[in-house]
Amino acid sequence: MNPAAPSAAAPSGTGQGRGASPVRTGRGGAPLPGRVRTAPSPAAAGGRTVAPSPLDPGASQDPHGIHRRLREEFPLTYDPLLRAWVLSRYADVAAALTDNRFTHGHRPGDPPCARAHVDVDTAVLRSVTERTAYVLARRIAERPQADLVADFCHWLPAGTVAAAVGVPYRDVMRLVRGRAAGALAGECGTQIAVREKALASFLGNVLSDPDQVAALRDAPAALVARAWTESLRRDPPVQIAVRRTAAEVPVSGGIVPAGASVALLVGSAGRDPERFREPDRFDPFRDDPGQLTYGSGFCPAVLLAGIEAEYALRALFAEMPRLRLADGFRPTPAGLITRAPRTLIVRPGG
């Protein structure tokens with residue numbers, strides 16, 4: 001089946017096959033199968049499905065309404081704008097990220113990742129991350145106002161890698177995104193930009209709620225790690241991951257054909273109410289945690305991201321005990337493929 005000229009896939013209510021997920025039911029128990037809507041060739045003028053697209057106008061400002069409709073009505077649909085089949089439910093996206101019938105993809109922390117790295121000294125990474133976080137925090141502590149994205153999140157991931165491999169501070173931005181990053185993180189060196197966005201969303205989620213600030217100000221590492229995981233679930237830095245099928249795969253709403261490009265809506269999966277209670281709420285204490293940005297295996301990029309989140313909070317709260325968002329400011333995430341607040345305007349002195 002050629003993805004450039006899609007045809008309707010048969011509804012799949014059996015859930016058979018690895019990577020499948022059950023068809024949902026309505027209030028009366030009747031099945032609510034997803035629909036695969038056919039469309040003209042993606043090259044044809046005006047060719048569109050009737051399903052909403054993650055690339056529709058306005059999606060960057062508020063993708064969640066589009067994601068909700070896709071999960072509920074179109075769990076499998078071909079999107080001519082993306083030139084890919086789209087999966088939006090947690091069960092399908094999570095399965096596709098690990099199912100070997102989906103190829104051509106990589107997440108830091110997935111099993112193949114470990115083979116790409118040399119031994120990493122965790123104590124050294126903690127030391128350089130802590131030092132870098134406190135240096136950055138002290139530089140903005142005396143300002144009446146600061147932007148944590150530009151002045152902190154942009155520098156912490158890069159500065160940590162630079163310090164770990166001995167790159168002089170003046171050369172951080174010139175070298176850290178290439179040779180230095182690769183020396184530490186192998187194939188995951190490009191994760192620096194992803195970690196920047198993830199950190200911005202994390203700090204935005206924490207600072208937006210005074211109760212979370214109080215809970216996490218002096219929190220143990222385990223609770224900070226839970227808050228970090230929760231932020232990755234609610235606001236993943238990578239919203240769409242692309243894979244390709246090596247065989248037909250049954251999923252919610254139908255069958256993905258072999259040899260097809262598939263867009264996995266990570267941002268939608270993280271807010272699937274079938275998997276998470278109150279999915280739009282940031283809750284580090286939830287008893288149903290989970291995230292899809294990183295795999296569960298060892299990887300310096302995954303390790304560093306968590307360490308950076310921990311020491312970011314510790315340094316910011318230690319150097320700025322009264323840190324808060326500026327009056328009238330609320331973090332506004334933006335982006336389609338990657339997504340995070342572009343600014344975090346704060347009052348360091350309260």
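How are helix 10 and helix 12 oriented to each other? They are roughly perpendicular (an angle of 65 to 115 degrees). This is a predicted model, where local features need pLDDT of at least 70 and side-chain atom pairs count only at pLDDT 80 or more, while totals for chains, interfaces and linings use all residues. Residues are numbered from 1 along each chain as its sequence is written, and side-chain values use heavy atoms, leaving out hydrogens and water.

**Helix 10 against helix 12**
- The axes of helix 10 (residues 221-234) and helix 12 (residues 300-319) cross at roughly 115° and come within 10 Å; axes here are lines fitted to C-alpha atoms over the stretch in contact, with angles from 0 to 180 degrees between N-to-C directions.
- The crossing is right-handed, meaning the near helix is turned clockwise from the far one by less than a right angle.
- On the helix 10 side, Ala221, Val224 and Trp228 meet Ala305, Gly306, Ala309, Glu310, Leu313 and Arg314 of helix 12, with contact meaning heavy atoms within 4.5 Å.
- Sorted by type, the residues of this contact are six nonpolar, one polar and two charged, with Gly counted as polar.

**Helix 12 itself**
- Of its 20 residues, 14 are buried (under 20% relative accessible area, 1.4 Å probe, protein chains only), so helix 12 is largely enclosed by the rest of the structure.
- Its end C-alpha atoms sit 27 Å apart, which agrees with the 28 Å expected at 1.5 Å a residue.

**Around Trp155**
- Trp155 lies in the loop between helix 5 (148-153) and helix 6 (156-165).
- With 27% relative accessibility, Trp155 counts as partly exposed (between 20% and 50%).
- Trp155 and Ile192 are 37 residues apart in sequence, and their C-alpha atoms are 9.8 Å apart in space.

Terms used: Helices (H or I, at least four residues) and strands (E, at least two) are DSSP runs, numbered from the N terminus. Angles under 35 degrees count as roughly parallel, over 145 as roughly antiparallel, 65 to 115 as roughly perpendicular and the rest as oblique. The expected span of a helix is 1.5 Å times one less than its number of residues.
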